[in-house]
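I opened this entry to keep track of what I looked up, one topic at a time. The notes follow the order in which I went through the structure.

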Amino acid sequence: MPQVNPLITTPEEQFVVGESDFAFFGNYACRVEGGAILFCRSGSADATVNQYQGQVRRNTMVLLLPGSIFMLTDRTEDFRAAYCSFSLDLFSEAAFRMDPSFFHALRERPISHPPQRIVERASIWLQMAAYTYRDRGNVFRNTIIKNRLQNLLLESYDKMQRFAARQHRVPETTTRQSELFHRFVALVHEHCAQEREVSFYADKLCISTRYLSTIVRSVAHSSAKEFIDRSVMLEIKMMLQSTDLSVQEIAYRLRFPDQSYLGRFFKKHAGESPTEYRNNKK
């Protein structure tokens, strides 16, 4: 029996609350169109959210921003997580006018192991979301869940800001480099499906390719080109696993010169051809 994506929303069902073993995402990279909050109840798994990897165990929280590529590996049989997923429109309305730096931080650390008091609050929040989800006769369901999501985001933002304020003041140059790196990550997330050259991102940031490479090396411990290529590989793997597109069609969508070029690029980074990768995952 094929597994079903539990995070799917529809125009009629703008948010979904429930509990799942998330078998759909087991060794299967898939893009999350809207947003989602996951709260692990039992078991464990290794999660990949875009380029971030971390372990999910009991009381771990995972926040998936719209467009995130999500996958679970080494998922135990007793893995269960409560979740609340949102449509892109609902998430956008709740996140309206929030500081972009907040989402940069969330994109860098989507997996967290909060202290017990936060765990308890998150559990209560999910219970309230579940109540609203079941209350189908309520004509204000979407508005209520949007407000609750906004409250959750604001609470998270406040805790992050207060934590940052307690840290030692960092040099201005480091702050500037961190800001540029955050913007670089956001640009790669948005454009890597079509743009793979470091010069494109350096031009967008109005800095030299050499300076951009220095920043990425100091923050991410890899070259800017390696960072971009990893994001491109995620896009290719997601398409190979989540769609029936041919390798030629994928090459066209990602603006590779031809299918052979994409094949060489993929094998260089994955150690196998796109077709071998697709067949092995199936």
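**Pocket**

I began with the second largest pocket, whose volume comes out at about 760 Å³. The model I am working from is a predicted one. I listed the lining of this pocket and got 34 residues. Nearest the centre of the pocket lie Asn50, Gln51, Tyr52, Arg230 and Leu234.

I then asked which elements give two or more residues to this lining. They are β4, β5, β7, α2 (100–108), α5 (172–191), α7, α8 and α11 (274–281). The biggest contributor is α8, with 9 residues. Sorted by class, the lining holds 16 nonpolar, 10 polar and 8 charged residues.

**Hairpin at Asn50**

Asn50 had come up at the pocket centre, and I checked its backbone next. Asn50 belongs to the hairpin of β4 and β5, which leaves 2 residues between the strands. Its phi is positive, near 55°.

I followed the two strands of that hairpin. Strand β4 covers residues 45–49 and is joined to β5 by 5 bridges, the two running antiparallel. Opposite Ala45 I found Val56 of β5.

**Four-stranded sheet**

In what order do the 4 strands of this open sheet come? I read β2-β7-β4-β5, with antiparallel pairing. At the edges are β2 (30–31) and β5 (52–56), each of which pairs on one side only.

**Ser44**

Just before β4 I stopped at Ser44, which sits in the loop between β3 and β4. I looked up its contacts, leaving aside neighbours within four places in sequence, and found Val56, Arg57, Asp74, Arg75, Thr76 and Phe79. Val56 is thus on the contact list of Ser44 and also stands opposite Ala45. For Phe79 I took the C-alpha separation from Ser44 as well: 5.7 Å, with the two positions 35 residues apart along the chain.

**Five-stranded sheet**

There is another open sheet to record, made of 5 strands in the order β1-β8-β3-β6-β9. Its pairing is antiparallel. The edge strands here are β1 (15–20) and β9 (111–112), and each pairs on one side only.

Helix α3 (residues 116–134) packs on this sheet, where it touches β1, β3, β6 and β8 (80–86). The direction of α3 makes about 120° with that of β1.

Inside the sheet I looked at β3 and strand β6 (residues 61–64), which are antiparallel and share 4 bridges. For Ile37, the bridge partner in β6 is Leu63.

**Cavity**

How many cavities of 30 Å³ or more does the structure hold? I count 1. The largest cavity has a volume of about 50 Å³. Its lining consists of Leu38, Phe39, Cys40, Val56, Thr60, Val62, Phe70, Leu72, Phe79 and Ala81. Two elements give two or more residues to it, β3 (35–42) and β7 (69–73). The largest share, 3 residues, is from β3.

By class I noted 9 nonpolar residues, 1 polar and no charged. I recognised Val56 and Phe79 in this lining, since both had already appeared among the contacts of Ser44.

**Helix packing**

I turned last to α7, which I looked up against two helices. Two packed helices are described by the angle between their axes and the distance between the axes.

Helix α6 (residues 198–205) and α7 pack at about 95°, and their axes are 9 Å apart. The range for roughly perpendicular is 65 to 115 degrees, so α6 is entered as roughly perpendicular to α7. On the α6 side I found Val198, Ser199, Tyr201, Ala202 and Leu205, which meet Thr209, Leu212 and Ser213 in α7. This contact has 5 nonpolar and 3 polar residues, and no charged ones.

For helix α7 (residues 209–220) with helix α8 (residues 224–242), the angle is about 70° and the axes are 8 Å apart. This pair is therefore roughly perpendicular too. The contact takes Leu212, Ser213, Val216, Arg217 and Ala220 from α7, and Ala224, Glu226 and Phe227 from α8. I sorted these residues into 5 nonpolar, 1 polar and 2 charged. Leu212 and Ser213 of α7 meet α6 and are also part of the contact with α8.

Methods:
Residues are numbered from 1 along each chain as its sequence is written. This is a predicted model: local features need pLDDT of at least 70, side-chain atom pairs count only at pLDDT 80 or more; totals for chains, interfaces and linings use all residues. Side-chain values use heavy atoms; hydrogens and water are left out. Two strands pair if DSSP finds at least two bridges between them. On a 1 Å grid over the protein atoms alone, a cavity is a set of points where a 1.4 Å probe fits but cannot get out, and a pocket is an open set with protein on both sides within 12 Å along at least five of seven lines; lining residues have an atom within 4 Å of a point. Grid points are joined across faces, edges and corners, and a volume is the space filled by probe spheres set on the points. Ala, Val, Leu, Ile, Met, Phe, Trp, Tyr, Cys and Pro count as nonpolar, Asp, Glu, Lys and Arg as charged, and the others, Gly among them, as polar. Axes are lines fitted to C-alpha atoms, for helices over the stretch in contact, and angles run from 0 to 180 degrees between N-to-C directions. Angles under 35 degrees count as roughly parallel, over 145 as roughly antiparallel, 65 to 115 as roughly perpendicular and the rest as oblique. Contact means heavy atoms within 4.5 Å.
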